[in-house]
Amino acid sequence: MQFDMREIAGVVKSAGALLFDTRAAGEITVKGRADFVTQVDLNLQERIKRELFRRYPAVQFMGEEQDNSGLDPAGAVWILDPVDGTTNLIHHYNQSAVSLGLYEKGVGLAGVIYQPFTDELFCAAKGCGAFLNGKPIRVSKTPTLAESLVAVGTNPYCKQAAPGNFAAFQRVFEACQDIRRSGSAALDLAYVACGRLDAYFEQNLKPWDYAAGMVLLKEAGGQVTDYEGKPPSLWKNSDLVAGNGKIEPELYRLLRKG
Ligand code: 2AM
Ligand code: CA
């Protein structure tokens, strides 16, 4: 399908300003254990959905804050996380992003991740490279896990998985330079794409957490798989390992040990 990358990035960036609405961020609904939605999430999703539909009426829409049943996997689809890092937003941690992917027949065509607190716009289109505020980005060249900075995700919605997860964190921590935990999967993926991080892993993410980041990583020379090295699904939860294409074999070995 035809699309205008600049136009899509503009829609995401202008909606991103809504993340500064601290009053709406305080209007919180509990979805599940440690799983929240604020009025900011809802406002952003409505605005972006409306703007995209006006420009691309034939493209389907998947969003975190709606029922996504009935989508046709063969058609083109926007995949939006209006606020990735909602818990951070609630705590004024200033580490949240809008994440929008565009897929057709399972192929990633475009990805945009916007961090309004730092005014950083990450975007990528299939075959055209990945960019941060207009400048080309690449994954790191770090050759070994021992020299790597690795982001971990705690899968906070499933506390029963904590013993296995934290054992894996320890194994990776002992093998790498240090670990980080941001609270936003989209930003972790964007940071791997631009080389600030060498890798990131987390269990049980939703497609909107990684749809945009997968396009960004691919265009920046990196890769995103599940813990088995297979492509993550766009239609159900997946475990995720993102890396610079060099250190994944060491990571897979440590993640499978548990
Ligand atoms: P969110 O802020 O949009 O909710 C934190 O570990 C990461 O997991 C965040 O990117 C967070 O996205 C994401 N996440 C949130 N809710 C989730 C859920 N119910 N299941 C899986 N991942 C989720
Ligand atoms: Ca979200």
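## Two pockets, a calcium site and some paired strands

The largest share of the lining of the largest pocket comes from strand E12, which supplies 4 residues. Keep in mind as you look around that this is a predicted model.

Let's stay with that pocket for a moment. Its lining is made up of 30 residues, and the ones nearest its centre are Thr 87, Pro 156, Tyr 157, Gly 183 and Asp 209. Strand E12 (199-205) isn't alone in giving two or more residues to this lining: strand E2 (35-38), strand E4 (76-84), helix H4 (86-90) and helix H7 (207-219) do so too. Where does the largest pocket lie? Domain 1 (5-136) and domain 2 (145-256) both give residues to its lining, so it lies between them.

There's a second largest pocket to find as well. Look for Tyr 103, Gly 108, Met 214, Val 215 and Lys 218, which lie nearest its centre. Strand E6 (107-115), helix H7 and strand E13 (223-225) each give two or more residues to this lining, and H7 gives the most, with 5 residues. This pocket also lies between domain 1 (5-136) and domain 2 (145-256), because both give residues to its lining.

Here are the two pockets side by side.

| Pocket | Space | Lining residues | Lining by class |
|---|---|---|---|
| Largest pocket | About 550 Å³ | 30 residues | 9 nonpolar, 12 polar and 9 charged residues |
| Second largest pocket | About 320 Å³ | 16 residues | 9 nonpolar, 4 polar and 3 charged residues |

Now for the metal. Which residues are the protein donors of the calcium ion (ligand 2)? They are Glu 64 (OE), Asp 81 (OD), Asp 81 (OD) and Val 83 (O), lying 2.0 to 3.1 Å from the ion. Along the sequence, these donor residues follow the spacing E-x16-D-x1-V. Glu 64 and Asp 81 link distant parts of the chain: Glu 64 sits in the loop between strand E3 (60-63) and E4, while Asp 81 is in strand E4, 17 residues apart. Is Asp 81 buried or exposed? Asp 81 has a relative accessible area of 1%, which means that this residue is buried.

From strand E4 you can step across to a run of paired strands. E4 pairs with E5 in the antiparallel sense, over 7 bridges, and Asp 84 is found opposite Ala 97 in E5. Strand E5 (residues 97-104) is mostly covered, with 7 of its 8 residues buried.

Next along, E5 pairs with E6, again antiparallel and over 7 bridges. Val 98 has Tyr 114 in E6 as its bridge partner, and Tyr 103 stands opposite Gly 108 in E6. You've met Tyr 103 and Gly 108 already, since they are among the residues nearest the centre of the second largest pocket. The hairpin of E5 and E6 has 2 residues between the strands, and in this hairpin Lys 105 takes a positive phi near 50°.

How many of the 9 residues of E6 are buried? The count is 8, so E6 is largely enclosed by the rest of the structure. E6 then runs antiparallel to strand E7 (residues 120-125), joined by 6 bridges. Across this pairing, Gln 115 stands opposite Glu 120 in E7. The hairpin of E6 and E7 has 4 residues between the strands, and here Asp 119 takes a positive phi near 55°.

Methods. Residues are numbered from 1 along each chain as its sequence is written. Chains are lettered from A and ligands numbered from 1 in the order in which they are written. This is a predicted model: local features need pLDDT of at least 70, side-chain atom pairs count only at pLDDT 80 or more; totals for chains, interfaces and linings use all residues. Side-chain values use heavy atoms; hydrogens and water are left out. On a 1 Å grid over the protein atoms alone, a cavity is a set of points where a 1.4 Å probe fits but cannot get out, and a pocket is an open set with protein on both sides within 12 Å along at least five of seven lines; lining residues have an atom within 4 Å of a point. Grid points are joined across faces, edges and corners, and a volume is the space filled by probe spheres set on the points. Ala, Val, Leu, Ile, Met, Phe, Trp, Tyr, Cys and Pro count as nonpolar, Asp, Glu, Lys and Arg as charged, and the others, Gly among them, as polar. Domain bounds come from an automatic or database domain assignment. Donors are N, O and S atoms within 2.8 Å of the metal (3.2 Å for Na, K and Ca); water is not among the atoms, so sites may look incomplete. Buried means under 20% relative accessible area, exposed over 50%, partly exposed in between (1.4 Å probe, protein chains only). Two strands pair if DSSP finds at least two bridges between them.
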